[in-house]
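Got the model open in your viewer? Keep the selection box handy, and we'll walk through it one stop at a time.

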Amino acid sequence: MASNIIKPAYAYTVVYVRDVAKSVEFYSRAFGYNVRRLDESHRWGELESGQTTIAFTPLHQHETDDLTGKVQSSTRSDRERAPLEVCFCYHDVDAAFKRAVENGAVAVSEPEDKEWGQKVGYVRDIDGIVVRIGSHVK
């Protein structure tokens, strides 16, 4: 249990990608996010996403590979996925799904109503990462 002295705030989700600039531009177009930052080296990019930042960095870089190990590739086939799913909520899931696919996302599963009160569709981003496009749970 967290003490009263330490109150963590969820700050970042870092997505390791092949090309930071392409991924930042893709997420901006496909999912409607504004770009907060893309550094000149194209080794770090961020999207405006409320209190938690979505950040992108290259798959391989000496700063982290040497400290924590190399990043495993996100997928090996269309029947496998990374142990990570990025989820975005929209009021109009069908329109968001269509926009994503029209802007380069690969359709995995068309939006459908789920038994838990959410409409959900799935796509893959340009690195093969699964993105859930859903409504807020009722």
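Which loop does Gln-118 lie in? Select Gln-118 and you land in the loop between strand S6 (106–113) and strand S7 (119–124). Helices here are DSSP runs of H or I with at least four residues, strands are runs of E with at least two, and both are numbered from the N terminus.

Before going on, some ground rules. Residues are numbered from 1 along each chain as its sequence is written, and side-chain values use heavy atoms, with hydrogens and water left out. This is a predicted model, in which local features need pLDDT of at least 70 and side-chain atom pairs count only at pLDDT 80 or more, while totals for chains, interfaces and linings use all residues.

**Stop 1: around Gln-118**

Is Gln-118 buried or exposed? Gln-118 counts as buried because its relative accessibility is 9%. (Buried is under 20% relative accessible area, exposed over 50%, partly exposed in between, with a 1.4 Å probe and protein chains only.)

Now show its side chain. One polar contact goes to the side chain of Trp-116, at 2.9 Å, and the Gln-118 side chain also reaches the backbone oxygen of Ser-135 at 2.7 Å. A polar contact is a pair of N or O atoms within 3.5 Å; within protein, one must be able to donate a hydrogen and the other to accept it, and residues adjacent in sequence count only if both atoms are side-chain atoms.

Leaving out residues up to four places away in sequence, Gln-118 touches Glu-112, Asp-113, Arg-132, Gly-134, Ser-135 and Val-137. Contact means heavy atoms within 4.5 Å.

**Stop 2: Val-137**

Pick Val-137 next, in the segment after S8. Val-137 is exposed, because its relative accessible area is 51%. Val-137 touches Trp-116, Gly-117 and Gln-118, again not counting residues up to four places away. Try a distance label from Val-137 to Trp-116: they are 21 residues apart in sequence and 7.2 Å apart in space, C-alpha to C-alpha.

**Stop 3: helix H1**

Select residues 20–31, which make up helix H1. Its end C-alpha atoms are 16 Å apart, which agrees with the 16 Å that 12 residues should span at 1.5 Å a residue; the expected span is 1.5 Å times one less than the number of residues.

At the N-terminal end, Asp-19 acts as a cap, with a side-chain oxygen 3.2 Å from the backbone nitrogen of Ala-21. After H1 comes Gly-32, whose phi is positive, near 85°. Buried residues in H1 include Val-20, Val-24, Phe-26, Tyr-27 and Phe-31.

**Stop 4: the core**

Colour Tyr-27, Phe-31, Phe-56, Phe-88, Val-131 and Ile-133: these have the most contacts inside the largest nonpolar core, which has 24 residues. H1 supplies the largest share of this core, 6 residues. Domain 1 (8–68) and domain 2 (81–137) both give residues to this core, so it lies between them. The domain bounds come from an automatic or database domain assignment. A nonpolar core is a set of buried Ala, Val, Leu, Ile, Met, Phe, Trp, Tyr and Cys residues joined through side-chain atoms within 4.5 Å.

Stay on Tyr-27: beyond its neighbours within four places in sequence, its contacts include Leu-47, Phe-56, Val-86, Phe-88 and Val-131.

**Last stop: His-42**

Jump to the loop between strand S2 (34–38) and strand S3 (45–48), where you'll find His-42. His-42 has a positive phi of about 60° although it is not a glycine. At 40% relative accessibility, His-42 counts as partly exposed.
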